[in-house]
Amino acid sequence: MFRFIHCADLHLASPFSSWRKLRPQTARELALAPFAAFDRIADTAVSEGALFVVLAGDVFDTSAPSLYAESRFRATLEKLNAAGIRVFWAAGNHDCGALTNSELPANTVRFSGDAPELHTIEQNGRIVASVAGISHAGPGERRDLAALTDALLADAPGFRIGAVHANIDGDPDYEPYAPAPLAELKQGHADYWALGHIHRRRVLCERPFAVYSGAAQGRGVHEPGARGGVLVEVDDAENAALRMFDVQLFRFETLTLDRIAGADDLPALEKVFRSSLPEIKEALFLRLVLAGGSPLNARLRALGQEELTELFLPALRAKLPKADLESVIVNTTGLPNAARREGLAAEVAAVRDSLDLPGIAAALPLTPAELAGFTPAEFAEISREAEELLLDYLAGDLEATR
Ligand SMILES: [Mn+2]
């Protein structure tokens, strides 16, 4: 039995630039989080007795990482080196030019961008695994890196791992770098494809495994949830078992409150907010979205971002002490004007009474049998809903009803 760890998309030295202006201290904390996340992955490798770690690209956010970023990365590689854990790094679109000509710690292989390489891993003097991979040669990689890598695995000994940063099966949310169809991976020689590029955790298939570990630290509300790496345990019959483990220092989540029409003052709105909060006890950055009709619409819209954050932070902290607000988005609309609505009600009722309902029913694309399927109570309900809808349209903001 042996274990290895697969991770990807660390995006070390990601700038978090959108935070800098408003909250420089927070920007600093966020910028350090990916380094700490990688360090936690290394700690997991050590504590789980992993033989090696596969980095499937976008280790750095940039091909020209700062000396600080490089030194933090090297420190973690050295920690793995000291524990006798090897590291295989297949660079992606973001880090294709990073540390290409630098000497790395003795445990670390950075795959070339020119041609795939194959390395074997021994345990107690016996080869238990082969790792093949190739880096992106430059930004905008269009070669089928999986196919190139697979060719090397054909006669490789032990459990076979292919490491590439690639868009498998053309995920439209991500750039089409190193594209390859999943069918090709399934028919190839690998037992496990360690993939990077897609930031969500995803097991594309088993036998062989084709796995996106996802990013190790979310970088905004577009990357919500728990994140980390994959611990793979391979038994002596080369059956693999996967365990996703979390390392993120912060989580990002979005909470949308779109039923706040009844909250007509601040305490009422705070109460809805508190009771809707997720039970996430760890460090959390929450985006609060207020939507739908609200009697507080105009007063909410009058506030700036800083004021909104200050307004809701105490209620958030009261329930989740480690949470912070990423932002508060006000997408509310006004409630339909009550007085105007009342004035229109009689007119709408008069229209309803003048309608030739049997005639309308006959014109519907329904058979008499289908129409007969509605009970009188259901007809009354449909009629009432239609009336409300018409009143909303006539008296209020159209969006308030959608
Ligand atoms: Mn990435």
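## A parallel pair of strands

Strand β8, residues 192–196, and strand β10, residues 209–212, are joined by four bridges and run in the parallel sense. Within this pairing, Tyr192 lies opposite Phe209 of β10. The description refers to a predicted model.

## The sheet containing β8 and β10

Both strands appear in an open sheet of six strands with mixed pairing, ordered β5-β6-β7-β8-β10-β9. Its edges are formed by β5 (117–123) and β9 (202–205), each of which pairs on one side only. From one strand to the next, the twist averages 20 degrees.

Helix α4, residues 145–153, packs on this sheet and touches β5, β6 (126–133) and β7 (159–165). The direction of helix α4 makes about 160 degrees with that of β7.

## The sheet containing β1

Another open sheet of six strands, also with mixed pairing, follows the order β4-β3-β2-β1-β11-β12. Strands β4 (108–110) and β12 (240–246) each have a single partner strand, so one side of each remains without a neighbour in the sheet. Neighbouring strands here are turned against each other by 20 degrees on average, with direction ignored.

At one end of this order, β11 (residues 228–234) and β12 run antiparallel and are connected by seven bridges. Gly228 has Asp246 in β12 as its bridge partner.

## The helix across the β1 sheet

Helix α2, residues 24–47, lies across four strands: β1 (2–7), β2 (52–55), β11 and β12. Relative to β1, helix α2 runs at about 170 degrees.

Key:
Residues are numbered from 1 along each chain as its sequence is written. This is a predicted model: local features need pLDDT of at least 70, side-chain atom pairs count only at pLDDT 80 or more; totals for chains, interfaces and linings use all residues. Two strands pair if DSSP finds at least two bridges between them. Helices (H or I, at least four residues) and strands (E, at least two) are DSSP runs, numbered from the N terminus. Axes are lines fitted to C-alpha atoms, for helices over the stretch in contact, and angles run from 0 to 180 degrees between N-to-C directions. Two residues are in contact if their C-beta atoms, placed from the backbone, lie within 7 Å.
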